[in-house]
Amino acid sequence: MTDDRRSVFRDAHFDRTTARQVPDTPQSRSSTYRLAFTDEEFMCRDELRPVRLQLELLKPQLLLEERQIESTVVLFGGARIPEPAQKHTARTKTLSQLSAFYDEAREFARLMTEKAIASGNREYVIATGGGPGVMEAGNRGAQEAGGISLGLSIVLPHEQAPNEYVTPELSFNFHYFAIRKMHFLMRARAIGVFPGGFGTLDETFEALTLIQTGRMDRVPFVFFGRSFWETVINWQALADAGTISDEDLSLFRFVDSAQEAADIIENWQPAPPRDVIPGRG
C-alpha cells in the first residue's frame, strides 16, 4: 500500500517504530501504554466492532483502487466439487458428476481473463472465494490465461490456506461475511453461479435480492448447470405461488458451458436498476 502523505503531522509508521524503542519499564510494558492501533487486544474488544467493520471494508477497497481494478467477474460455487482427474475421490456420485463444472469454471475464467488482459487488468478480473473446488478452478483458469484474480477468503473453523492460484497480492481474508459479500458485489460486472451448497445459495440469493429490489444494477447473471439448479430449486413454483413475479425469472439465465456464458456477457446491453418491483403494489 502506498502512502502519498500530504500532512505536516508525524507519520504513524515512525511513531510505531519509536514506541518499540523506549526503555523497558513496568510502565512501557503495560498494555495501556501501547498505541491503540497496534494493540491487538484492544482492537478485538466488542466495542471496537464498528472500527473492525470499517477496516475490512477499507483495506481491500484501497488496495484494489491502487491496482486500478474497476470491475470483476464473480464466481460462486461449491468447494466440494473436485477436478475431473480427482472425481473418484468425491463423496457422492452426484459430486463426481459435477466435476465437469470444474473444467467449465476454469475455461470461463480463462475467457474472462483474456478480456481482463485486453483492458490492462482493470475490467473483468476474476473474483472467487479463494477456496477449493469451483473457486480454485476460477483462479486457476485466470492464472493459466496469464492474468490476475482475486481470492476473498473467510476465516472458518476448518481453516485452510487460499488455493495456490490466487494472485498473492490480491488474496484477502475476512472476519465478517457481510463485508466479504459487499466486496464480491461492489465491482461485479457479471456473476457466474456453479453448483454448490449453503454458501453458494447464500451468496446467490443475496445478489439476486439486491438486483430484484433495484438496490444493484442488473448484470449478466448466469447459472451453470440447468439440470442441477432446476432440481434443487423449483423456480417456477416460486412464481406460481406469487412469492416472486414471473418477471423475476428473467433476472438470470441458465447455461451449460463456459462459451455460452461468455457470449451472454459479450452481448449484454447495460440495464439500469429496477425502479419498481413487479408483483408488488
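This dialogue concerns the pockets and helix packing of a predicted model.

Visitor: Let us begin with the pockets. What volume does the largest pocket have, and how many residues line it?

Guide: In this predicted model, the largest pocket has a volume of about 930 Å³. Its lining consists of 39 residues. Those that lie nearest the centre of the largest pocket are Gly77, Gly78, Ala79, Met135 and Gly199.

Visitor: Which helices and strands each supply at least two residues of that lining?

Guide: Two strands and three helices do so: strand S1 (72–76), strand S3 (149–154), helix H5 (93–98), helix H8 (177–186) and helix H9 (198–212). H9 gives the largest share, namely five residues.

Visitor: How do the residues of this lining divide by class?

Guide: The lining of the largest pocket has 17 nonpolar, 15 polar and seven charged residues.

Visitor: What may be said of the second largest pocket, its volume and the residues nearest its centre?

Guide: The second largest pocket has a volume of about 700 Å³. It is lined by 21 residues, and Met43, Arg52, Leu55, Glu56 and Lys59 lie nearest its centre. Two or more lining residues come from each of helix H3 (40–43), helix H4 (49–66) and strand S4 (171–174). H4 contributes the largest share, eight residues. By class, this lining comprises twelve nonpolar, four polar and five charged residues.

Visitor: I should now like to turn to the helices. By what is a pair of packed helices described?

Guide: The description rests on the angle between the two axes and on the distance between them. As a case in this structure, helix H6 (residues 100–118) packs with helix H7 (residues 134–144) at an angle of about 40°, and their axes are 7 Å apart. H6 is therefore oblique to H7. The crossing of these two helices, H6 and H7, is right-handed.

Visitor: Which residues of H6 and H7 meet?

Guide: From H6, the residues are Tyr102, Ala105, Arg106, Ala109, Arg110 and Thr113; from H7, they are Val134, Glu136, Ala137, Gly138, Arg140, Gly141, Ala142 and Glu144. This contact of H6 with H7 has six nonpolar, three polar and five charged residues.

Visitor: H6 also packs with H12. At what angle do H6 and H12 pack, and how far apart are their axes?

Guide: H6 and helix H12 (residues 258–266) pack at about 35°, with their axes 8 Å apart. H6 passes H12 in a right-handed crossing. On the H6 side, the contact is made by Glu104, Glu107, Phe108, Leu111, Met112 and Lys115. On the H12 side, Ala258, Gln259, Ala261, Ala262, Ile265 and Glu266 take part. The contact of H6 with H12 has seven nonpolar, one polar and four charged residues.

Visitor: H8 and H9 each supply residues to the lining of the largest pocket. How do the axes of H8 and H9 cross?

Guide: The axes of H8 and H9 cross at roughly 60° and come within 11 Å. These two helices, H8 and H9, are therefore oblique to each other. Their crossing is right-handed. Arg180, Lys181, Phe184 and Leu185 of H8 make the contact with Asp202, Glu203, Glu206, Ala207 and Leu210 of H9.

Visitor: How many residues of the contact of H8 with H9 are nonpolar, polar and charged?

Guide: The contact of H8 with H9 has four nonpolar and five charged residues, and no polar residues.

Methods
Residues are numbered from 1 along each chain as its sequence is written. This is a predicted model: local features need pLDDT of at least 70, side-chain atom pairs count only at pLDDT 80 or more; totals for chains, interfaces and linings use all residues. Side-chain values use heavy atoms; hydrogens and water are left out. On a 1 Å grid over the protein atoms alone, a cavity is a set of points where a 1.4 Å probe fits but cannot get out, and a pocket is an open set with protein on both sides within 12 Å along at least five of seven lines; lining residues have an atom within 4 Å of a point. Grid points are joined across faces, edges and corners, and a volume is the space filled by probe spheres set on the points. Helices (H or I, at least four residues) and strands (E, at least two) are DSSP runs, numbered from the N terminus. Ala, Val, Leu, Ile, Met, Phe, Trp, Tyr, Cys and Pro count as nonpolar, Asp, Glu, Lys and Arg as charged, and the others, Gly among them, as polar. Axes are lines fitted to C-alpha atoms, for helices over the stretch in contact, and angles run from 0 to 180 degrees between N-to-C directions. A crossing is left-handed if the near helix is turned anticlockwise from the far one by less than a right angle, and right-handed if clockwise. Contact means heavy atoms within 4.5 Å. Angles under 35 degrees count as roughly parallel, over 145 as roughly antiparallel, 65 to 115 as roughly perpendicular and the rest as oblique.
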